[in-house]
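Visitor: Please show me the structure. Then I will ask how its labels are earned.

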Amino acid sequence: MDHFKSDLIRMEVNYRGIFQKTLGKHISTDIVYIAHEEGKTAFSNGRYSDDPQRNGVPCANFAYFSRSLSEEDLEAEASAAMDIKQAELVVVLDDTMAKGLEPWGHYGIRPVNEKVVEDGTILFVSNRKASELVSLFERKPFRYRIAIIGGEASFSGLWYFKDDMTDVRILGAIAKLNPDIASIGTVLSYVKKKYKSEEKVEAARKAYEEVKVTDVSPADGITWPYEKPALPAWDQFEEGVVVRAVKRGFSLGPRGQNRNPDFKRGTNRTERPVVRFDICTKCTLCWASCPDEAFDPVREGYYDVNYEYCTGCGRCADVCPVDDCIVMVDEMKFASNESFYEKYARDTVSYVNEIESMKGKRREIPEHITGKGKILRNVEKQKPLKEAR
Ligand code: SF4
Ligand code: SF4
């Protein structure tokens, strides 16, 4: 089959489970239909181990394209795969995934650029600079490219599809980055036929024109700090079906801690909760409400978020009855998962100043707290130490 491989193009689309499931599916199926219109053989598939999905867990679809392979040959080459090993083009729909990915079926935090091949491209939707994202990647021994189309991560959701044009913008950018997958002409005519919207055609064209590309060299990036797990080879499996139980511990947490130490859920996060311990009333609501049992009781009756397990769901910030005591903050502002309570205990004033400087100026106060509907509040000034409400 090697003679076929020369024109095989592989693409991966990384998205946040549930929130971006519909968006990820639109992109990976639309690009296949577009390639079909150009007479290519192409298909897409979802990574086998991602379903059933969970909010925020890094998931992936993949797609293959070829001019020379018949459908049967392409299927034999690639479709039986449960995952993709390498890709000429990697798409990332939430830039906080630059910090690493831990999908359901791959214990251990993996680099987002792991699959990119030499001279390949990794495409982000992001308002950040390429250098900021690349500084979080694993260093690779060859050159490749990072491409960016401007924008915030689109959270379209599973049950509805918020059409902010991210889907067609990605299609336009793909045509620029790898015209062997699809030409911009075919992308635009497909978008026009499918959506009957000049606005969407224009969005795809604009992304084609505006996508920014930067070279990444072997000197860029970091030595990957996490251990990469090796999956067992076929001859290392035990006889019969063996599923090792997760060891349960019941020493901490409201319902007894059930955290699986082999699955750190920190790469689910787009935002992380930060706690102002100095205004916390120790009411226990955050600790009792956290669906992932991510709070550790610590000295003096406080509750400290363990960021290796926190998924960033925001529930603790919703239930906390003290204004601004728990606020969700952009995950990219943090370099590690160190204990915030330990930081606070070491130097209270520096801790408060640091986290206040990271918070945005807008707060959403949910309906179940106001009893009157959701309130959006602008916060102009930092709360002084110990001033609650
Ligand atoms: S955001 Fe809060 S409630 Fe959600 S997992 Fe993290 S600590 Fe728990
Ligand atoms: S919900 Fe807020 S006030 Fe209550 S213990 Fe948690 S951080 Fe403190």
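Guide: What follows sets computed values against their definitions.

Guide: This is a predicted model, in which local features need pLDDT of at least 70, side-chain atom pairs count only at pLDDT 80 or more, and totals for chains, interfaces and linings use all residues. Residues are numbered from 1 along each chain as its sequence is written, and chains are lettered from A and ligands numbered from 1 in the order in which they are written.

Visitor: Why is K129 called exposed or buried?

Guide: K129 has 12 other C-beta atoms within 10 Å. A residue is exposed if 12 or fewer other C-beta atoms lie within 10 Å of its own, buried if 20 or more, and partly exposed in between, with C-beta atoms placed from the backbone. Therefore K129 counts as exposed. K129 lies in the loop between β5 (116-125) and α4 (130-134). Such helices (H or I, at least four residues) and strands (E, at least two) are DSSP runs, numbered from the N terminus.

Visitor: What class does I18 get, and why?

Guide: I18 has 18 C-beta neighbours inside 10 Å, so I18 is partly exposed. I18 sits in the loop between β1 and α2. Its phi is positive, about 65°, although I18 is not a glycine.

Visitor: And what makes E300 exposed?

Guide: E300 has 10 C-beta neighbours inside 10 Å, so it falls under the limit for exposed. E300 is in the loop between β9 (295-297) and β10 (303-305). E300 too is not a glycine, yet has a positive phi of about 65°.

Visitor: How do you know that β1 and β3 pair?

Guide: Two strands pair if DSSP finds at least two bridges between them. Strand β1 (residues 9-16) and β3 share eight bridges, in the antiparallel sense, so the criterion is met. One of the partnerships joins N14 to A60 in β3.

Visitor: How many bridges link β2 and β3?

Guide: Strand β2 (residues 41-46) and β3 have six, again antiparallel. A42 has F65 as its bridge partner in β3.

Visitor: How covered is β3?

Guide: Nine of the nine residues of β3 (58-66) are buried. P58, A60, F62, Y64 and S66 point one way, and C59, N61, A63 and F65 the other.

Visitor: What makes β2 and β7 edge strands?

Guide: The open sheet of seven strands runs β2-β3-β1-β4-β5-β6-β7, with mixed pairing. β2 and β7 (212-216) each have a single partner strand, so one side of each lacks a neighbour in the sheet.

Visitor: What makes the largest nonpolar core a core?

Guide: A nonpolar core is a set of buried Ala, Val, Leu, Ile, Met, Phe, Trp, Tyr and Cys residues joined through C-beta atoms within 7 Å. The largest has 67 residues, and I31, V91, L171, A173, I174 and A204 have the most contacts inside it. Helix α5 (residues 166-177) gives the largest share, seven residues. A second, separate core of 26 residues includes C286, V327, Y344 and V352.

Visitor: Which residues surround ligand 2 most closely?

Guide: The closest of 13 are C280, C283, L285, C286 and C320. A residue is near a molecule if its C-beta atom, placed from the backbone, lies within 6 Å of it.

Visitor: Which residues are closest to ligand 1?

Guide: Ligand 1 is surrounded by 13 residues, with C290, C310, C313, R315 and C316 the closest.
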